[in-house]
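Thank you all for making time this morning. I would like to walk through one model with you, going from strands to ligand to charged pairs, and I will try to be careful about what can be said.

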Amino acid sequence: MVRLNEIRENELAVNAPAPTDAGLVFIGRIRSPWTSRLECPRQGRPDGPICEIEIFEPWVAALDGIENFERIEVLYWLHESRRDLVRQSPANDGATRGTFSLRSPVRPNPIGTSIATMVSRAGGKLLVRGLDCLDDTPLIDLKPDRALFTPIAPPQPGDFQTGD
Ligand code: SAM
C-alpha cells in the first residue's frame, strides 16, 4: 500500500536546503480529475481523460499559435512532493535507486513533464489528454513537442541556436 511521504526500507533522505522556489513564475494551473496522488496515473497516456490547462494573465497572449500543434510538452510543479530523498524504493521492496535515475515526483526540484495531445483551445484554456497530475497543479511552461517543432531556418555551422 502506498503512503504519502513515507520513508520505505533502505530509502535515504538528506537534510535538504529549505526550498525557496525563487525564480519560477507559475503561468497557470492544471485542472484534472485527480484529487489524490494515490489515484493519479504514474504517467499520462494519449487516451487518458481530458484535462484543462488554464493560463493566467498576462500570459494568455503567449498561447498564440499553440493550437497548431498536435502535441505539446507540459511542464508542471509537483507541489505536494517531498523533496529530500536521494535514494528511493519505487516498488517498496527494499531495493532502492538514485532519485535521478527515476521519474518519481519526489525530487529536489519537483518538475513534472508530459507530452500532451491537444484537443482544443478556447481563449486562455486548453483541453488536452496525456497528463498525470493532481487537480490544481501549478503550471510552469508549455512548448511544442520537440518532435513536431521545426526551426525557421536550418542551423549553420557556428550559429547560436535560439529556435528550440
Ligand atoms: N509525467 C511526469 C514526469 O515524468 O516527469 C510526472 C510523473 S510522476 C511519476 C506522476 C505522479 O506524481 C502521479 O502518479 C502522482 O502520484 C504524483 N503527482 C501528481 N501531481 C502531483 C502534485 N501536484 N504534487 C505531488 N505529486 C504529484
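Let me begin with a question: which residue in E9 does Tyr 76 stand opposite? Before I answer, please keep in mind that what you see is a predicted model. The residue is Leu 139, which stands opposite Tyr 76 from its place in E9. That pair belongs to a longer contact, since E4 and strand E9, residues 137-144, are joined by 5 bridges and run antiparallel.

E4 also pairs with strand E7, residues 111-122, and here there are 7 bridges, again with the two strands running antiparallel. If you would like a position to look at in that pairing, take Glu 73, whose bridge partner in E7 is Ile 115. As for its surroundings, strand E4 covers residues 71-77, and 6 of its 7 residues are buried, so the strand is largely enclosed by the rest of the structure.

Let me turn to another sheet, which is an open one of 3 strands in the order E1-E5-E6, with antiparallel pairing. E1 and strand E6, residues 97-98, stand at the edges with a single partner strand each, so one side of each of them has no neighbour in the sheet. The pairing of E1 with strand E5, residues 85-88, is antiparallel and runs over 2 bridges, and within it Ala 13 stands opposite Leu 85 of E5.

In this part of the chain there is also a nonpolar surface patch of about 210 Å², made by Leu 12, Val 14 and Val 86. Val 14 sits in the loop between strand E1 (12-13) and strand E2 (28-31), and with a relative accessible area of 37% it is partly exposed.

Now to the ligand. How many residues surround the ligand? There are 19 of them, and the closest are Pro 41, Gln 43, Arg 103, Thr 113 and Asp 132. Several contacts involve the backbone: a backbone N or O atom of Thr 113 lies 2.9 Å from a nitrogen atom of the ligand, and for Glu 80 a backbone N or O atom is 3.0 Å from a ligand nitrogen. For Arg 37, a polar backbone atom is 3.3 Å from an oxygen atom of the ligand. Taken alone the ligand would expose 600 Å², of which the protein buries 96%.

The next topic is charge. Side chains of opposite charge can pair when their charged atoms come close. The structure holds 9 salt bridges, and I will go through three.

One of them joins Glu 54 to Arg 29, with the closest N and O atoms 2.7 Å apart. This pair links distant parts of the chain, with Glu 54 in strand E3, residues 50-55, and Arg 29 in strand E2, 25 residues apart. Are the two partners buried or exposed? Glu 54 has a relative accessible area of 17% and is therefore buried, whereas Arg 29, at 26%, counts as partly exposed. Both residues also take part in a network of salt bridges that links Arg 29, Glu 54 and Asp 136.

Another salt bridge is formed by Asp 145 and Arg 71, whose closest N and O atoms are 2.8 Å apart. Asp 145 lies in the segment after E9 and Arg 71 in strand E4, so this pair ties together parts that are 74 residues apart in sequence. Here Asp 145 is buried, at a relative accessible area of 7%, while Arg 71 is partly exposed at 27%.

In the third example, the side chains of Arg 82 and Asp 84 meet in a salt bridge at 2.8 Å, N to O, and here Arg 82 and Asp 84 are both buried.

I will end with some backbone details. Glu 57 and Pro 58 are joined by a cis peptide bond with omega of about 10°, and Pro 58 lies in the loop between E3 and E4. Asn 10, in the segment before E1, has a positive phi near 70° although it is a residue other than glycine. Asn 92 also has a positive phi, of about 55°, without being a glycine; it is found in the loop between E5 and E6 and counts as partly exposed, at 35% relative accessibility.

How values were computed: Residues are numbered from 1 along each chain as its sequence is written. This is a predicted model: local features need pLDDT of at least 70, side-chain atom pairs count only at pLDDT 80 or more; totals for chains, interfaces and linings use all residues. Side-chain values use heavy atoms; hydrogens and water are left out. Patches are made of residues with over 30% relative accessible area and no salt bridge: like charges are joined within 9 Å, nonpolar side chains (Val, Leu, Ile, Met, Phe, Trp, Tyr) within 5 Å. Accessible areas come from the Shrake-Rupley method with a 1.4 Å probe; for residues, only the protein chains shown count as cover. A salt bridge is a side-chain nitrogen of Lys or Arg within 4 Å of a carboxyl oxygen of Asp or Glu. Helices (H or I, at least four residues) and strands (E, at least two) are DSSP runs, numbered from the N terminus. Buried means under 20% relative accessible area, exposed over 50%, partly exposed in between (1.4 Å probe, protein chains only). A residue is near a molecule or strand if one of its heavy atoms lies within 4 Å of it. A polar contact is a pair of N or O atoms within 3.5 Å; within protein, one must be able to donate a hydrogen and the other to accept it, and residues adjacent in sequence count only if both atoms are side-chain atoms. Two strands pair if DSSP finds at least two bridges between them.
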